[in-house]
Amino acid sequence: ISAQKVFSGLFQGLSPRQKDVLTHRFGLAGGETKTLAALGGQYGVSRERIRQIEASALDILKKKIAVHAECAQIFAHGKKHLQGFGGVAGRDAMLAHYSSLAEGLKENHLALLLEAAAPFSFSAADEHSHPFYYLEKGNIKKVSDFVLKFVKFLRGKKTEILNGGYEAQFRDFVKHEKIDPRLAEHYLAISKRVGVNQYGDKGLSEWPEIRPRTIRDRVYLILKKKGEPLHFRAIADLINKAGLGGRKAL
């Protein structure tokens, strides 16, 4: 399936302004998405008028998508992938999965299709999660409940985990919870609560050893990894070489 051909067909019959509004609202031309207010200023009309143009265009697309064979394939492909992972899939994993089916299909294309037809939904990134797609709200709760339980479990085993015991603790946990390890890994990949540092150590993102946020955290991690006193110049150099984030250490 060619995404370009699919959208070329869907856009046939739309007015030039309807095409332009959808193209800019969803960033289909490769640029950033534009707000209703920005497009209103561009055309010299009100924000509400742009919203009306967008709504009318989406109504037309919804009817076309309902009888569009290739759109049906795209939706069926996505739903099958979601069902195989408990109803939830990370954005990058989903788009990688689509690469084998639809040439050139990007996140913006999928966003427009979902806005018009909604066979499944999208959740943007927030404080605790990376962006993901899902079938039902109940699927999100399942992931959230698992992650929260795992986070609580890890908090009580920080020493063992930071000494290289993450994988063993993970296996014990999923065995106790009777969940497929592959599915558990998938859930954790969506969450920001568990992370990995520049040295490959896994653990809770709230731990400074995993995600050092301050210069104090970075100095601590460097010294812990080296296991010996270091000159302050050497510490700064190692922080920068390790790419521990934040401003350059001086």
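Is A118 buried, partly exposed or exposed? In this predicted model, A118 is partly exposed, with a relative accessible area of 49%. That falls short of the "exposed" label because exposed means over 50%.

**View 1. A118 sits in the loop between α7 and β2.** Here we zoom in on the stretch that links α7 (107–116) to β2 (121–123). Look at the backbone of A118: phi is near 55°, a positive value in a residue that isn't glycine. Most residues other than glycine have a negative phi.

**View 2. K178 has a positive phi too.** For K178, phi is near 55°, and once again the residue is something other than glycine. You'll find K178 in the loop between α9 (158–177) and α10 (181–190). K178 is exposed, with a relative accessible area of 78%; that earns the label because exposed means over 50%.

**View 3. L22 and F120 belong to the largest nonpolar core.** This core has 30 residues, and L22 and F120 are the ones that touch the most other members. Two or more residues come from each of α1 (3–11), α4 (47–66), α5 (69–84), α6 (91–98) and α7. Apart from this core lies another one, made of 24 residues, including V143, I179, I190 and L204.

**View 4. A closer look at what F120 touches.** Setting aside neighbours within four places in sequence, F120 is in contact with F75, G78, K79, L82, M94 and Y98. The list carries on with L110, L114, Y133, Y134 and L135.

Notes
Residues are numbered from 1 along each chain as its sequence is written. This is a predicted model: local features need pLDDT of at least 70, side-chain atom pairs count only at pLDDT 80 or more; totals for chains, interfaces and linings use all residues. Side-chain values use heavy atoms; hydrogens and water are left out. Helices (H or I, at least four residues) and strands (E, at least two) are DSSP runs, numbered from the N terminus. Buried means under 20% relative accessible area, exposed over 50%, partly exposed in between (1.4 Å probe, protein chains only). A nonpolar core is a set of buried Ala, Val, Leu, Ile, Met, Phe, Trp, Tyr and Cys residues joined through side-chain atoms within 4.5 Å. Contact means heavy atoms within 4.5 Å.
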